[in-house]
Amino acid sequence: MRPIQRFGGVIKVKPEKYAYYAKLHANPWPDVNAMIKECNIANYSIYFKDGYLFSYYEYHGDNYQDDMKKMAADPVTQRWWAECVPCLTPLETRAPEELWATMKEVYHLD
């Protein structure tokens, strides 16, 4: 059995764009959800508080980098991101290659 990798991320959402972002995610495109699952991601959630979005997901695959490249190459996912990314303001403290700033896990109860 593969070990599950857990990921948490944080980003700001532009106040004037929050309603649109929330509307998109209330009815996500089926092909986007299918690609997320095809790339071995499960238990994906996004939460909102005080202008920040927090994401959590679990990765169940063998090669995270390859799965992320596959997702990034998908035309439907690219169109989805074109709708979502203008709603967001990345944290200044994120790593150079990140949109969402990766959060460090400090506690997990199995």
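1. E38 belongs to helix 2 of this predicted model. With a relative accessibility of 45%, E38 counts as partly exposed, because the partly exposed class lies between 20% and 50%. E38 and G61 are separated by 23 residues in sequence, and their C-alpha atoms lie 9.6 Å apart in space.

2. Beyond helix 2, N40 lies in the loop that leads to strand 2. The residue is not a glycine, yet N40 has a positive phi of about 70°. Its relative accessibility is 26%, and N40 therefore counts as partly exposed. A second non-glycine residue, D50, has a positive phi of about 50°. D50 is found in the loop between strand 2 and strand 3, and D50 is exposed, with a relative accessible area of 61%.

3. The loop between helix 1 and helix 2 holds N27. This residue is exposed, at a relative accessible area of 60%. N27 and D74 are 47 residues apart along the chain, and 19 Å separates their C-alpha atoms.

4. The aromatic residues merit a separate point. Seven aromatic pairs are found in a search of the whole structure. In one of them, the ring centres of F7 and Y64 are 4.5 Å apart and the planes meet at 10°, so the pair is stacked; the limit for stacking is an angle under 30 degrees. This pair links distant parts of the chain, since F7 is in strand 1 (residues 5–13) and Y64 is in helix 3 (residues 64–73), 57 residues apart.

5. Y64 also pairs with Y59. Here the ring centres are 5.1 Å apart and the planes stand at 85°, so the pair is edge-to-face. Y59 and Y64 are both buried; for Y64 the relative accessibility is 18%. One aromatic cluster is formed by F7, Y44, Y57, Y59 and Y64.

6. Two members of that cluster, F7 and Y44, are also in contact with S55. S55 has its place in strand 3 (residues 52–59) and, at 4% relative accessibility, counts as buried. When neighbours within four places in sequence are left aside, the contacts of S55 are F7, G8, G9, Y44, S45, I46 and W100.

7. Which residues of helix 3 are buried? They are Y64, D67, M68 and M71. Viewed down the axis of helix 3, the buried residues fall within an arc of 100°, so they line one face of the helix. An α-helix has 3.6 residues a turn, so residues three or four places apart point the same way. The face turned away from the buried side of helix 3 carries the exposed residues Q65, K69 and A73. The cover over the buried residues of helix 3 includes strand 1, helix 2, strand 2 (41–49), strand 3 and helix 4.

8. Helix 4 (residues 75–84) is the partner of helix 3 in a helix-to-helix contact: the two axes come within 5 Å and cross at roughly 75°. This angle makes helix 3 roughly perpendicular to helix 4. M71, A72 and A73 of helix 3 make the contact with P75, T77, Q78 and W81 of helix 4. Among the residues of this contact, five are nonpolar, two are polar and none is charged.

9. The buried residues of helix 4 are V76, T77, W80 and C84. Seen down the axis of helix 4, these residues fall within an arc of 95°, so they too line one face of their helix. They pack against helix 1 (18–26), helix 2 (30–38), helix 3 and strand 4 (88–89).

10. How are helix 1 and helix 4 set relative to each other, parallel or antiparallel? Their axes come within 10 Å and cross at roughly 150°, which makes helix 1 roughly antiparallel to helix 4. The contact is made by Y20, Y21, L24 and H25 of helix 1 together with W80, E83 and C84 of helix 4. Its residues divide into five nonpolar, one polar and one charged. W80 and C84 thus appear both in the contact with helix 1 and among the buried residues of helix 4.

Terms used. Residues numbered from 1 in each chain as written. Predicted model: local features only at pLDDT ≥ 70, side-chain atom pairs only at ≥ 80, totals over all residues. Heavy atoms only, no water. Phe/Tyr/Trp six-rings, centres within 6.5 Å; stacked < 30°, edge-to-face > 60°. Helix = DSSP H or I, 4+ residues; strand = E, 2+ residues; numbered from the N terminus. Buried < 20%, exposed > 50% of the residue type's maximum accessible area, 1.4 Å probe, protein only. Contact = heavy atoms within 4.5 Å. Axes fitted to C-alpha atoms, helices over the stretch in contact; angles between N-to-C directions. Parallel < 35°, antiparallel > 145°, perpendicular 65-115°, else oblique. Nonpolar A, V, L, I, M, F, W, Y, C, P; charged D, E, K, R; others polar. Arc of directions from axis to C-beta.
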